[in-house]
Amino acid sequence: MGFNDIADALGTRTRRQILLEVLDHNPVEQSEVVTKNDARENEKRELELIHIHLPKLHETGYIVWNRDDRDIVKGPNWEEIESTVRLLSDSRERLPDDTF
């Protein structure tokens, strides 16, 4: 895996949020990255999580996602992306509002 894989993993706000949650809390309950105020938006976000974002991050090995238990933990390739996720986390105040 290389930088293009890292950039792709960080390419959406939702995937950045997932990776930041895993950095801050390991394991993460899937529902922790879904919750919004709007029920309709939650349903849409849940569908995107289970059909797009979580499978993509799982395939890269950055996370391990257990569909049955709905747990997300650091994957076998986590070390490849951890420093970049940590840099994003440490720079939250200096990044645009739509980053996370």
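Let me begin with the cut-offs for exposure, since several statements depend on them: a residue is called buried when its relative accessible area is under 20%, exposed when that area is over 50%, and partly exposed in between. Please also keep in mind that what we are looking at is a predicted model.

With that in place, take Arg86, whose relative accessible area is 39%, so that Arg86 falls into the partly exposed class. Its partner is Glu82, and the two form a salt bridge in which the closest N and O atoms are 2.7 Å apart. Glu82, at a relative accessible area of 22%, is partly exposed as well. Why are these two separated by about one helical turn? Because both sit in helix H4 and they are 4 residues apart. Elsewhere, Glu29, Glu46 and Arg70 are joined into one network by salt bridges that share partners. How many salt bridges does the rule give in total? The count comes to 5.

Two further pairs deserve a moment, and I will start with Lys56 and Asp8, which form a salt bridge with their closest N and O atoms 3.0 Å apart. This pair links distant parts of the chain, given that Lys56 belongs to helix H3, residues 39–60, while Asp8 belongs to helix H1, residues 3–9, and the two are 48 residues apart. Both ends are partly exposed, Lys56 with a relative accessible area of 28% and Asp8 with a relative accessibility of 38%.

The other pair is Arg92 and Asp24, whose side chains meet in a salt bridge at 3.2 Å, taken from N to O. Here too distant parts of the chain are linked, with Arg92 in the segment after helix H4 (78–90) and Asp24 in helix H2, 68 residues apart. Arg92 is partly exposed at 34% relative accessibility, and Asp24 is likewise partly exposed, at 40%.

Asp24 brings us to helix H2 itself, which covers residues 13–24, that is, 12 residues, and which reaches 16 Å from its first C-alpha to its last, close to the 16 Å expected at 1.5 Å a residue. Is this helix largely enclosed or largely open? It is largely enclosed by the rest of the structure, because 9 of its 12 residues are buried. Among those buried residues are Thr14, Arg15, Arg16 and Gln17, and they also include Ile18, Leu19, Leu20, Val22 and Leu23. Asp24, by contrast, is partly exposed, and its side chain is the one that meets Arg92 in the salt bridge I described.

How values were computed. Residues numbered from 1 in each chain as written. Predicted model: local features only at pLDDT ≥ 70, side-chain atom pairs only at ≥ 80, totals over all residues. Heavy atoms only, no water. Expected span 1.5 Å × (residues − 1). Buried < 20%, exposed > 50% of the residue type's maximum accessible area, 1.4 Å probe, protein only. Salt bridge = Lys/Arg side-chain N within 4 Å of Asp/Glu carboxyl O.
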